[in-house]
Amino acid sequence: VDLLAEWMSENDALVWTPFPAFGRALSKKSGRPFFHHSGVSLTHGSIEEYTKTDSVILSTRSNFQGRNLQAWNRNLIVGSQPKADLLEQQIGRTHRQGQKADLVTATFFVGSIENLEVIDRARGRAQIDRDMGRNKASKLIVCDWCVPPTYEVLKTHTGPRWRKK
């Protein structure tokens with residue numbers, strides 16, 4: 001939570017999480033709204049009517065489909081979807097016709113090897129779909145994947161991974 005709250009203070013992005021408790025904790029720590037049930041924040045109303053373009057937190061399940069979130073062009077995905085079509089929809093909220101930015105990014109905050117495997121499985125499923133003639137323009141296939149070596153990621157985090165209470 002501390003690491004992401006700091007990141008949000010320096011970056012403008014949609015921060016996606018499938019974990020409501022994490023979204024609430026991050027909102028409290030960062031002071032940014034959490035758009036949860038039906039894309040609504042208790043303090044700021046609907047995400048689609050939110051006029052600022054600073055970082056906000058979104059519940060993945062409540063916002064991955066049908067919303068037009070082109071005001072942002074950066075996505076930080078914390079806890080990714082295991083299904084390629086769900087991940088495609090999630091990224092598609094900002095990467096769609098009418099987006100004014102030249103580049104839309106989706107960055108995955110991977111907290112474990114299991115999270116990385118979920119992303120790899122989703123990419124593999126998207127590749128199979130394309131090979132079978134479905135969804136040939138999948139965002140998971142046509143994008144550039146920039147994955148730093150594990151040691152580079154590990155050396156950027158110097159704090160404890162957990163604390164005993």
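Helices (H or I, at least four residues) and strands (E, at least two) are taken here as DSSP runs, numbered from the N terminus. The structure is a predicted model, in which local features need pLDDT of at least 70 and side-chain atom pairs count only at pLDDT 80 or more, while totals for chains, interfaces and linings use all residues. Residues are numbered from 1 along each chain as its sequence is written, and side-chain values use heavy atoms, with hydrogens and water left out.

**Exercise 1. State how many helices and strands the protein has and the pattern they follow along the sequence.**

Step 1. The count gives seven helices and seven strands.

Step 2. Reading along the sequence, one finds the pattern α-β-α-β-β-β-β-α-β-α-β-α-α-α.

Step 3. Burial is then assessed by relative accessible area, where buried means under 20%, exposed over 50% and partly exposed in between, with a 1.4 Å probe and protein chains only. By this criterion 38% of the 165 residues are buried.

Step 4. For contacts, which mean heavy atoms within 4.5 Å, residues 24 or more positions apart account for 63% of those with a separation of 6 or more.

**Exercise 2. Work out the strand order of the five-stranded sheet and describe the pairings of S5 within it.**

Step 1. Two strands pair if DSSP finds at least two bridges between them. The five strands form an open sheet in the order S2-S5-S1-S6-S7, with parallel pairing.

Step 2. The edges are S2 and S7 (105-109), each of which pairs on one side only.

Step 3. S5 (residues 56-59) pairs with S1 (residues 14-17) in the parallel sense over four bridges, and in this pairing Leu14 has Val56 as its bridge partner. S5 also pairs in the parallel sense with S2 (residues 34-35), over two bridges, where Phe34 stands opposite Ile57.

Step 4. At the S7 end, S6 (residues 74-78) and S7 run parallel and are joined by five bridges, with Asn75 opposite Ala106.

**Exercise 3. Decide whether the two faces of S5 are covered or open.**

Step 1. In a regular strand the side chains alternate between the two faces of the sheet.

Step 2. In S5, Val56 and Leu58 lie on one side and Ile57 and Ser59 on the other, and all of them are buried, so that both faces are covered.

**Exercise 4. Describe how H1 is placed against the sheet and against H2.**

Step 1. H1 (residues 2-10) lies across S1, S5, S6 and S7, and runs at about 175° to S6. Axes are lines fitted to C-alpha atoms, for helices over the stretch in contact, and angles run from 0 to 180 degrees between N-to-C directions.

Step 2. Two packed helices are described by the angle between their axes and the distance between the axes. For H1 and H2 (residues 20-30) the angle is about 55° and the axes are 9 Å apart.

Step 3. Angles under 35 degrees count as roughly parallel, over 145 as roughly antiparallel, 65 to 115 as roughly perpendicular and the rest as oblique; H1 and H2 are therefore oblique to each other.

Step 4. The residues that meet are Asp2, Leu4, Ala5 and Met8 in H1 and Phe22, Leu26, Lys29 and Ser30 in H2.

**Exercise 5. Determine whether Asn11 and Ser46 are buried or exposed, and find what each contacts.**

Step 1. Asn11 lies in the loop between H1 and S1, and counts as buried because its relative accessibility is 15%.

Step 2. Leaving aside neighbours within four places in sequence, Asn11 is in contact with Ser55 and Arg74. A polar atom of the Asn11 side chain also lies 2.9 Å from the backbone oxygen of Trp7.

Step 3. Ser46, which is in S4 (residues 45-46), has a relative accessibility of 18% and so counts as buried.

Step 4. Not counting residues up to four places away in sequence, Ser46 touches Phe35, Gly39 and Val40. The C-alpha atoms of Ser46 and Phe35 are separated by 7.3 Å, although the residues are eleven apart along the chain.

**Exercise 6. Explain what sets the backbone of Ser38 apart, and where Ser38 lies.**

Step 1. Most residues other than glycine have a negative phi.

Step 2. The phi of Ser38 is near 55°, a positive value in a residue other than glycine.

Step 3. Ser38 is found in the loop between S2 and S3 (40-41), and is exposed because its relative accessible area is 57%.

Technical notes. A polar contact is a pair of N or O atoms within 3.5 Å; within protein, one must be able to donate a hydrogen and the other to accept it, and residues adjacent in sequence count only if both atoms are side-chain atoms.
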